[in-house]
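Let's walk through this protein together, starting with its overall build and then moving to its sheets, its interior and its surface. Keep the structure open beside you as you read.

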Amino acid sequence: MIQAVLVDDERLALVKLEFMLKEMKAIHIVVASYTDPVQAIQEAPSLEPDVIFIDIEMPEVSGLQAAAILQEVCPNANIVFVTAYNQYAVEAFELNAIDYILKPVRHDRLLKTVQRLEDRLRFAPKSTEVEHELTIRCFQSLRFERGGQPLNNLRWRTSKAQELFAFLLHNRNRFVSKDTLIDLLWPDFSLKKASTHLYTTIYQVRQCLKQSEVDLQISNVSGGEGYTLETGSLLIDAAQWEHNILALESIGEDNCAEHQSLFDLYSGDYFGDYDYLWAEGERQRLRTIWLHHAMGMAQFYIDSSRVPEAVTVYQRVVQLQPYFEQGHLGLMKVYDSIGERSAVEEQYKTLKDLLKSELSIGLPASVEDWYEQWELHNLRVQ
């Protein structure tokens, strides 16, 4: 059963929506719904809803403000906006709402929303980790989890210790010579001094792992001339993500929720928080896979008339990869398709200003040409 919370200051609207949802039999209303968004914010976390249906136009707290807070206190809940006004569409999409329904709500339209929600929940990432199993996250930052919970007690003594571990993880189950590590981390030191730093740092890494009860072995190999990090059956998010995304068939109605789940798992570039030059090749490779996948998903959503999902995909693309011009162009096109002219103009200006201020370059011809044609078309229709 899908657990839902309803928020609307109009009691009759709540009653009607609750009745329509109960008719579908897939929805279980956690409470008798709320006319007060503040009360909903206070009580929703303890209810752990799967979905929150919320009106935008409310007198004291707007639905957009309430939804932003609810997303923080109920991070696993999906948001569906229900409103009589369509001028808030862009703002709604920017909050990653899964849908945006206009009043009066039609049964067939609501059914599509519920089916979409069922798909998303059915294929939501589920932890396959048992309580003792360890996962290492490499997307964006280096993090350890056990049974899905972060290991907050793992603290590296120095930034060199963290980078040494990250490099061994990057080259897991392979021999890494002492000379390679010295050239990487202490290139300007004498061999004797660099070797001392290396032995000390290896010891610190081993102690850090041991104190956090992380069962990973850094073995001395080749007569002490190098090291190997043996990971065994350890789960590594980047490797698991790539395997799953390449194993999926092309996106379609039957597997789009699985594609969406894998899209969401990419939380940032490989070791994106760190200036590790040795990671750049892998970083670019995984980024390319993700961008190719993302653009294919966005096009599928557009072709399927699922505009909210397309907007969400493009917004995530430009958020994580702000210099990827095709993401901005895709977002402008989908805004145009729903008649949001001001959003098209704002996105165009955002990209233009970014490229000028950060890279000192102009817009690519593909973007400029499309925007000029768009402006001319809108001048003619005014």
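What follows goes from the whole chain to single residues.

Please keep in mind that this is a predicted model. The protein has 382 residues, and 48% of them count as buried. Its secondary structure comes to 15 helices and 12 strands. Taken along the principal axes, the C-alpha atoms fill a box of roughly 75 × 50 × 40 Å. About 19,700 Å² of the protein is exposed, with carbon and sulfur atoms supplying 50% of that area. If you look at contacts between residues at least 6 apart in sequence, 61% of them join residues at least 24 apart.

Now for the sheets. As general background, strands of a sheet pair through backbone hydrogen bonds, and the pairing may be parallel or antiparallel. One open sheet here is built from 4 strands in the order β8-β7-β6-β12, with mixed pairing. Its edge strands are β8 (149-150) and β12 (235-236), each of which pairs on one side only. Within this sheet, β6 (residues 134-137) and β7 (residues 143-146) run antiparallel and are joined by 4 bridges. To find your place in that pair, look for Ile-136, which stands opposite Phe-144 in β7.

Another open sheet has 3 strands in the order β9-β11-β10, and its pairing is antiparallel. Why is one side of β9 (176-177) and of β10 left without a neighbour in the sheet? Both strands stand at the edges and each has a single partner strand, so there is nothing in the sheet to flank the other side. Between β9 and β11, which run antiparallel, there are 2 bridges; Ser-177 has Gly-226 in β11 as its bridge partner. Strand β10 (residues 217-221) is joined to β11 (residues 226-230) by 5 bridges, again in an antiparallel arrangement. Here Ile-218 stands opposite Leu-229 in β11. These two strands, β10 and β11, form a hairpin with 4 residues between them, and Ser-222 in the turn has a positive phi of about 55°.

Some of these strand residues turn up again in the interior. Which residues have the most contacts inside the largest nonpolar core? They are Leu-142, Phe-144, Trp-156, Phe-165, Leu-209 and Phe-271, in a core of 78 residues. Helix α11 (residues 280-303) gives the most to this core, contributing 9 residues. Apart from that core lies another, of 21 residues, including Val-5, Ile-41, Ile-79 and Ala-97. Leu-209 is a good residue to centre your view on: beyond its neighbours within four places in sequence, Leu-209 is in contact with Phe-144, Leu-154, Trp-156, Phe-165, Val-214, Leu-216 and Ile-218. Two of the strand residues met above, Phe-144 and Ile-218, are therefore among the contacts of Leu-209.Finally, let's come out to the surface. Tyr-323, Leu-359 and Ile-361 form a nonpolar patch there, with about 260 Å² of accessible area together. Ile-361 sits in the loop between α14 (341-359) and α15 (365-381). Because its relative accessibility is 41%, Ile-361 counts as partly exposed. Lys-193, in helix α8 (residues 191-211), also counts as partly exposed, because its relative accessibility is 46%. Its C-alpha atom is separated by 9.9 Å from that of Ile-182, 11 residues apart along the chain.

Terms used
Residues are numbered from 1 along each chain as its sequence is written. This is a predicted model: local features need pLDDT of at least 70, side-chain atom pairs count only at pLDDT 80 or more; totals for chains, interfaces and linings use all residues. Side-chain values use heavy atoms; hydrogens and water are left out. Two strands pair if DSSP finds at least two bridges between them. Patches are made of residues with over 30% relative accessible area and no salt bridge: like charges are joined within 9 Å, nonpolar side chains (Val, Leu, Ile, Met, Phe, Trp, Tyr) within 5 Å. Accessible areas come from the Shrake-Rupley method with a 1.4 Å probe; for residues, only the protein chains shown count as cover. A salt bridge is a side-chain nitrogen of Lys or Arg within 4 Å of a carboxyl oxygen of Asp or Glu. Buried means under 20% relative accessible area, exposed over 50%, partly exposed in between (1.4 Å probe, protein chains only). A nonpolar core is a set of buried Ala, Val, Leu, Ile, Met, Phe, Trp, Tyr and Cys residues joined through side-chain atoms within 4.5 Å. Contact means heavy atoms within 4.5 Å.
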